[in-house]
Amino acid sequence: MGDLRNIDIRYLENKRFFDRWAKTYDGGHLSSWFQHTQNIAIDLLNLQPDSKVLDVGCGTGFAVCRLAEKLPKGRACGIDLSPEMIGKATAKIRDQIKERIEFRCASSCKIPYPRGFFDNVMCTNSFHHYPDPIRSLREMQRVLKPGGELLILENAPDRCMYTWIWDRILRIFERGHVRYYTCAELGQMLRFAEYDDVELRYVARQFMKMGKICGSIQVWCCKKPNSNERESYRYANR
Ligand SMILES: C[S@@+](CC[C@H](N)C(=O)[O-])C[C@H]1O[C@@H](n2cnc3c(N)ncnc32)[C@H](O)[C@@H]1O
């Protein structure tokens with residue numbers, strides 16, 4: 001019970017933190033870094049013109065707007081815990097893409113879409129804020145079609161000392177930050193959450209780039225298993 005309460009408090013703290021940050025998120029000193037990393041993620045996604053794609057922790061909607069332009073017959077959706085972030089994202093919807101774009105305020109552990117709705121789910125620069133990461137990974141898996149693709153882009157503290165130190169500082173001073181995961185840990189979590197074809201697709205360490213002194217990222221791609229057997233076993237035994 002105590003643990004659950006702690007988790008609820010972390011969500012609340014995250015929401016408050018990002019509601020405040022939403023006002024300056026676009027145009028802030030890190031915004032070109034965030035856009036740069038979201039572009040890396042989008043380029044790695046396996047997209048078809050009619051794909052339905054979800055961005056979890058979409059922030060002010062940069063990636064979702066880009067996806068809507070790339071998917072003439074598809075759908076680009078974004079969810080975020082922060083109503084202020086979603087407000088900023090919604091304000092960016094232009095007439096040309098409004099039929100195929102949607103933003104909703106929601107948490108990674110309760111995604112407001114039916115089972116098997118999406119072809120691709122992506123999550124960039126957001127996973128380290130999740131108080132119950134495995135539950136979030138399972139929820140992302142629920143909304144994916146069998147064989148659908150999950151892409152996670154995160155910082156990589158084992159690839160850069162600066163990121164490792166920054167993680168320690170954030171753990172003390174930023175209540176919304178849970179922790180950065182090493183490449184080995186994130187891969188292990190994806191396997192534990194029962195994804196298939198778990199693959200580290202991109203690792204980079206970059207100095208003095210896009211407003212950051214130094215940054216390191218890891219990008220993981222994996223798939224929801226094609227067979228529903230494992231999933232129905234899990235749900236039957238809950
Ligand atoms: C650093 S921003 C990243 C935004 C965007 N994905 C990007 O790459 O620039 C992290 C975002 O994750 C959102 N977030 C944090 N915890 C969340 C959760 N549990 N569920 C959904 N969104 C969450 C925050 O509100 C914030 O907008």
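The legends below accompany a set of close-up views of a predicted model of a protein chain with a ligand.

**View 1. The protein chain as a whole, with its helices and strands.**
In this predicted model, the protein chain has eight helices and seven strands. Its radius of gyration is 17 Å, close to the 18 Å that the globule rule gives for 238 residues, so the chain is as compact as a globular protein of that length. Taken along the principal axes, the box filled by the C-alpha atoms of the protein chain is roughly 45 × 45 × 35 Å. Of the 238 residues in the protein chain, 36% are buried. When contacts between residues at least 6 apart in sequence are considered, 74% of them join residues at least 24 apart.

**View 2. The shell of residues around the ligand.**
The ligand is surrounded by 20 residues, and the closest are Phe18, Phe34, Gly57, Gly59 and Ser126. Three elements, namely helix α1 (2–25), helix α2 (31–44) and strand β2 (75–80), each supply at least two residues of this shell. Sorted by class, the shell around the ligand has 11 polar residues, eight nonpolar residues and one charged residue.

**View 3. Asn6 in helix α1.**
Asn6 is placed in helix α1, an element that also supplies at least two residues of the shell around the ligand. Because 10 C-beta neighbours lie inside 10 Å, Asn6 counts as exposed. Although Asn6 and Pro131 are 125 residues apart along the chain, their C-alpha atoms are separated by 8.7 Å.

**View 4. Strand β4 and the strands that pair with it.**
Strand β4 (residues 118–124) is mostly covered, with seven of its seven residues buried. Strand β1 (residues 52–56) runs parallel to β4 and is joined to it by three bridges; within this pairing, Asp55 has Met122 of β4 as its bridge partner. Strand β5 (residues 144–155) also pairs with β4, here in the parallel sense and over six bridges. In the pairing of β4 with β5, Phe118 stands opposite Leu144 of β5, and the bridge partner of Cys123 in β5 is Ile152. Strand β5 is mostly covered as well, since nine of its 12 residues are buried.

**View 5. Helix α5 and its packing.**
Strand β4, helix α5 (residues 133–143) and strand β5 together make a right-handed β-α-β unit. The buried residues in α5 are Pro133, Ser136, Leu137, Glu139, Met140, Gln141 and Val143. These buried residues of α5 pack against strands β1, β4 and β5 and against helix α7 (183–192). The view thus returns to the strands of the preceding legend, where β4 is joined to β1 by three bridges and to β5 by six.

**View 6. Cys105 in strand β3.**
Cys105 lies in strand β3 (residues 101–105). With 17 other C-beta atoms within 10 Å, Cys105 is partly exposed, because burial would take 20 or more such atoms and exposure 12 or fewer. Apart from neighbours within four places in sequence, Cys105 is in contact with Asp80, Pro83 and Ile86. The C-alpha atoms of Cys105 and Cys214, which are 109 residues apart along the chain, are separated by 31 Å.

**View 7. Two residues with positive phi, Asn125 and Glu194.**
Asn125 is placed in the loop between β4 and α5, and its phi is near 55 degrees, a positive value in a residue other than glycine. Because 19 C-beta neighbours lie inside 10 Å of Asn125, whereas a buried residue has 20 or more, Asn125 counts as partly exposed. Glu194 is found in the loop between helix α7 and strand β6 (196–209). Although Glu194 is not a glycine, its phi is positive, at about 70 degrees. Glu194 is likewise partly exposed, with 16 other C-beta atoms within 10 Å.

Key: Residues numbered from 1 in each chain as written. Predicted model: local features only at pLDDT ≥ 70, side-chain atom pairs only at ≥ 80, totals over all residues. Near = placed C-beta within 6 Å. Helix = DSSP H or I, 4+ residues; strand = E, 2+ residues; numbered from the N terminus. Nonpolar A, V, L, I, M, F, W, Y, C, P; charged D, E, K, R; others polar. Rg over C-alpha atoms; globule rule 2.2 N^0.38 Å. Contact = placed C-beta atoms within 7 Å. Pairing = 2+ DSSP bridges. Right-handed = clockwise from strand over helix to strand, strands pointing away.
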